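Reader: Could you walk me through some features of this model, one by one? I'd like the general idea each time, then the case at hand.

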Amino acid sequence: MTSTPSALDPAIAARLKRSTEGLVPAIAQQYDTGEVLMLGWMDDEALHRTLSTGRATYWSRSRQEYWVKGDTSGHVQHVKSVALDCDADTVLVKVDQIGAACHTGDRTCFDADVLPLGQ
């Protein structure tokens with residue numbers, strides 16, 4: 001993770017409950033249908049960038065860098081609202097998803113592997 005200080009509002013930062021890596025899970029949901037699109041990770045700076053730009057910005061754990069959804073794929077997430085859950089350890093980002101949300105090209109990251117119930 002980056003050690004650069006974040007411009008995130010200190011009142012918001014004080015509320016966040018982060019993992020040992022300084023991250024919170026961020027669930028992306030289609031704002032008008034409620035469809036769950038994907039799960040990403042945010043640190044304080046990614047949350048600040050998301051709130052200040054209106055574009056969903058995540059921290060890539062594998063690449064160790066920030067990424068703005070859609071900058072390379074064109075599958076942009078325009079942020080409509082951001083909320084913390086009741087424990088302040090998860091962020092819900094309601095977005096208008098343009099194109100696929102999943103890196104595989106699926107609409108959501110939860111389309112391809114639905115598990116059977118009652119097994």
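Author: Sure, we'll go through strands, aromatic pairs, salt bridges, cysteines, backbone angles and a surface patch.

Author: Before that, this is a predicted model, where local features need pLDDT of at least 70 and side-chain atom pairs count only at pLDDT 80 or more, while totals for chains, interfaces and linings use all residues. Residues are numbered from 1 along each chain as its sequence is written, and side-chain values use heavy atoms, with hydrogens and water left out.

Reader: How many bridges join strand β1 to β2?

Author: Two terms to start with: strands (E, at least two residues) and helices (H or I, at least four) are DSSP runs numbered from the N terminus, and two strands pair if DSSP finds at least two bridges between them. Here β1 (residues 24–30) and β2 run antiparallel, with six bridges joining them. One of the partnerships is Val 24 with Met 42 in β2. The hairpin of β1 and β2 has five residues between the strands, and in it Gly 34 takes a positive phi near 80°.

Reader: Which aromatic rings pair up, and how do I read the geometry?

Author: A pair of aromatic rings is described by the distance of the centres and the angle of the planes. The rule takes rings of Phe, Tyr and Trp (its six-membered ring) with centres within 6.5 Å; planes under 30 degrees apart are stacked, over 60 edge-to-face, and the rest tilted. Searching the whole structure gives two aromatic pairs. Tyr 58 and Trp 67 have ring centres 5.0 Å apart and planes at 35°, so that pair is tilted. Trp 59 and Tyr 66 make an edge-to-face pair, with 4.8 Å centre to centre and 70° between the planes.

Reader: Are those four rings buried or exposed?

Author: Go by relative accessible area: buried is under 20%, exposed is over 50%, and partly exposed is in between (1.4 Å probe, protein chains only). Tyr 58 is buried at 0%, while Trp 67 is partly exposed at 24%. In the edge-to-face pair, Trp 59 is buried at 5% and Tyr 66 is buried at 18%.

Reader: On to charges: how many salt bridges are there?

Author: Side chains of opposite charge can pair when their charged atoms come close. The cut-off used is a side-chain nitrogen of Lys or Arg within 4 Å of a carboxyl oxygen of Asp or Glu. That gives a count of five salt bridges. Among them is Arg 107 with Glu 35, at 3.1 Å from N to O. Arg 107 sits in the segment after β6 and Glu 35 in the loop between β1 and β2, so this pair ties together parts that are 72 residues apart in sequence. Arg 107 is partly exposed at 29%, and Glu 35 is partly exposed at 27%.

Reader: What about a salt bridge within a helix, and where do its residues sit?

Author: Look at Glu 45 and Arg 49, whose closest N and O atoms are 3.0 Å apart. They are four residues apart in helix α2 (residues 44–53), so about one helical turn separates them. Glu 45 is buried at 15%, whereas Arg 49 is partly exposed at 31%. Another salt bridge pairs Asp 71 with Arg 55, also described by an N to O distance, here 3.0 Å. Asp 71 is in the loop between β4 and β5 and Arg 55 in the loop between α2 and β3, so the pair ties together parts that are 16 residues apart in sequence. Asp 71 is exposed at 53%, and Arg 55 is partly exposed at 21%.

Reader: Why is there no bond between the sulfurs of Cys 109 and Cys 102?

Author: A disulfide takes a pair of cysteine sulfur atoms within 2.5 Å. The closest cysteine sulfur to that of Cys 109 is in Cys 102, 3.4 Å away, which is too far for a bond. The search of the whole structure finds zero disulfides. Cys 109 is partly exposed at 35%, and Cys 86 is exposed at 79%.

Reader: Which residues other than glycine have a positive phi?

Author: Gln 64 is one, with phi near 55°. Gln 64 is in the loop between β3 (57–60) and β4 (65–68), and is partly exposed at 44%. Ala 88 is another, with phi near 60°. Ala 88 is in the loop between β5 (77–84) and β6 (91–97), and is buried at 9%.

Reader: Last one: which residues form the nonpolar patch on the surface?

Author: Patches use residues with over 30% relative accessible area and no salt bridge, joining like charges within 9 Å and nonpolar side chains (Val, Leu, Ile, Met, Phe, Trp, Tyr) within 5 Å. Areas come from the Shrake-Rupley method with a 1.4 Å probe, and for residues only the protein chains shown count as cover. Val 36, Leu 39 and Phe 110 form the patch, with about 280 Å² of accessible area together. Val 36 lies in β2 (residues 36–42) and is partly exposed at 39%.
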